Amino acid sequence: MTPGVTVWRCRGCGATFFPQRLLCPHCHGDAWEEDRVHEAVVEEIATIRHMIGASDWTPRRIASVRTPEGLLLTVGLRDDSGPGATVVLSEEGTAPYGERRRS
Ligand SMILES: [Zn+2]
């Protein structure tokens, strides 16, 4: 598990995206630099109860989370965080996850 989630910032105008785009929709630039975001606020929760082709699927929760830069990410939730909660972001392989910050 890697702390943070990779996002891509346009070198032309500074806009940040996830996942990566080929061209920046704002300035049509194609030069990017990677950045990492470590925290976001939960906006919406959804539960995926079934996955086609997966026989051992257990229901799991995904969340739309908003980063401080205003970027909206969809991440898997590792705990019962709800809307308004600040979650810490991490990556497992290329899949982003979030869980409540431990104090
Ligand atoms: Zn741009």
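**Exercise 1. Work out how much accessible surface the chain has and what share belongs to carbon and sulfur atoms.**

Start with the total: about 6600 Å² of accessible surface (Shrake-Rupley method, 1.4 Å probe). Of that, 51% belongs to carbon and sulfur atoms. Before going on, note that this is a predicted model, where local features need pLDDT of at least 70, side-chain atom pairs count only at pLDDT 80 or more, and totals for chains, interfaces and linings use all residues. Residues are numbered from 1 along each chain as its sequence is written, and side-chain values use heavy atoms, leaving out hydrogens and water.

**Exercise 2. Describe the secondary structure of the chain.**

Count the elements: there are nine strands (DSSP runs of E, at least two residues) and zero helices (H or I, at least four residues). Read from the N terminus, the order is β-β-β-β-β-β-β-β-β.

**Exercise 3. Find the residues that touch the most other members of the largest nonpolar core, and the strand behind its largest share.**

First, the term: a nonpolar core is a set of buried (under 20% relative accessible area, 1.4 Å probe, protein chains only) Ala, Val, Leu, Ile, Met, Phe, Trp, Tyr and Cys residues joined through side-chain atoms within 4.5 Å. Next, the members: among 13 residues, V37, A63, V65, L73, V75, V87 and L89 touch the most others. Then the strands: β2 (5-10), β5 (39-48), β6 (60-66), β7 (72-77) and β8 (86-92) each give at least two residues. The largest share, three residues, is from β7. Finally, look elsewhere: a second, separate core has six residues, including W8, C10, C24 and W32.

Note on methods: Buried < 20%, exposed > 50% of the residue type's maximum accessible area, 1.4 Å probe, protein only.
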